[in-house]
Amino acid sequence: MDEKERYGVIEAFQIWAKNHPTPDSVVLQLGSGKELTPREIALAVATGTEFGKLQLAVVEHAADNFGLDDILDALRSNAATLGPA
Amino acid sequence: MANISVVTPGCDSTARTMKGWGDGVVLKIRSSPHKLVQQLSDNAADRNNCNAILKSSDVLFFFGHGAIDALLNGNTQIIDIGNIVGAKAAVIVAWACNSASQLGPASVQSGVSTYIGFDSEFGWVTRAGNSSYARLTAAIIKSFDSILSATKLQSVYDELLAAFHDMVHYFNNDPAGSIEPDAVLAKIWINWNESRFRLLGNGSTQIY
């Protein structure tokens, strides 16, 4: 993933978190014990924490199967159409 | 009839979620021809007790946190190569992060026939209204039936991969999240889980 693509992922997660109806409620659990809210996921991706790097790898792997643009579009539009939690 | 033990540390919120899967396999074992040697939970899931069950069990199910070289209760290594060497257990199924990276291969090298687990973190979406966790749970519970009815472990593993694959495509058909919230997050994480799930060792192993 090049710098432009990485920036696109960061931006898409920020839009997703900003528009999320429950940005501070846990939305993702990991088997390692981590629990993350949308706001925490977006911040981790933007700041390159250990989890942020993992989340980028998850997106990169999915992009190989589904295309990066489709995933980022889905993140942005998912945020736009989310109903109440 | 196999002697089976289940370790469910339940040391934090996520581990308690995973303990629910462990409770599920305990119920299945009790209604099967197999013998439940022990379920170790909470403080009882310590290294000494794990030493004992590894020596007395043919099969070990673990549901909790993992590192690349160990299965954990909190930050404490309760199962690692130190107590797997010389163990009776021929099959280890670890619903835990990372352990198929180093512990799995080391276990197989030291005599464990089959090790099933993840070689990275795995995750699931917990948002209300998203069926990711329920679908994952259904696949895991279904795998218990297959394991306990002498299905070859390669087939069980393939069934789980197929279930992951079906989940990915279910969420892929809902790209805008109009049916389920955060469908895209569920899709990419299950796609990741599918790619990091491993069967190490002998896929022909069956539990009789």
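In which crossing, left-handed or right-handed, does helix 1 of chain A pass helix 2 of chain A? The structure is a predicted model, and the helix pair of chain A is a convenient place to start.

Helix 1 of chain A covers residues 3–19, and helix 2 of chain A covers residues 38–47. The two pack with their axes 9 Å apart, at an angle of about 160°. Because angles over 145 degrees count as roughly antiparallel, helix 1 of chain A is roughly antiparallel to helix 2 of chain A. As for the opening question, the crossing of helix 1 over helix 2 in chain A is left-handed.

Particular residues make this contact. From helix 1 of chain A come Val9(A), Ile10(A), Phe13(A), Gln14(A), Trp16(A) and Ala17(A). From helix 2 of chain A come Pro38(A), Arg39(A), Ile41(A), Ala42(A), Val45(A) and Ala46(A). Sorted by class, the residues of this contact are 10 nonpolar, 1 polar and 1 charged.

The next step leads from chain A to chain B. A sheet is formed by strands of both chains. The sheet is open and has 3 strands, in the order 2(A)-1(A)-9(B), with antiparallel pairing. Its edge strands are strand 2 of chain A, residues 35–36, and strand 9 of chain B, each of which pairs on one side only.

Where the chains meet in this sheet, strand 1 of chain A, residues 28–30, pairs with strand 9 of chain B in the antiparallel sense, over 3 bridges. Two of the partners can be named here. Gln29(A) has Trp124(B) as its bridge partner in strand 9 of chain B, and Leu30(A) has Gly123(B).

A helix of chain B also belongs in this picture. Helix 7 of chain B lies across strand 1 of chain A together with strand 9 of chain B, and runs at about 160° to strand 9 of chain B.

Now take the contact between the chains as a whole. Chain A supplies 26 residues and chain B supplies 34 residues. On the side of chain B that touches chain A, the elements giving two or more residues are helix 1 (13–30), strand 9 (123–125) and helix 7 (183–196) of chain B. Helix 7 of chain B gives the most to that side, with 9 residues. By class, the residues on the side of chain B that touches chain A are 18 nonpolar, 11 polar and 5 charged.

Terms used. Residues are numbered from 1 along each chain as its sequence is written. Chains are lettered from A and ligands numbered from 1 in the order in which they are written. This is a predicted model: local features need pLDDT of at least 70, side-chain atom pairs count only at pLDDT 80 or more; totals for chains, interfaces and linings use all residues. Two residues are in contact if their C-beta atoms, placed from the backbone, lie within 7 Å. Helices (H or I, at least four residues) and strands (E, at least two) are DSSP runs, numbered from the N terminus. Ala, Val, Leu, Ile, Met, Phe, Trp, Tyr, Cys and Pro count as nonpolar, Asp, Glu, Lys and Arg as charged, and the others, Gly among them, as polar. Two strands pair if DSSP finds at least two bridges between them. Axes are lines fitted to C-alpha atoms, for helices over the stretch in contact, and angles run from 0 to 180 degrees between N-to-C directions. Angles under 35 degrees count as roughly parallel, over 145 as roughly antiparallel, 65 to 115 as roughly perpendicular and the rest as oblique. A crossing is left-handed if the near helix is turned anticlockwise from the far one by less than a right angle, and right-handed if clockwise.
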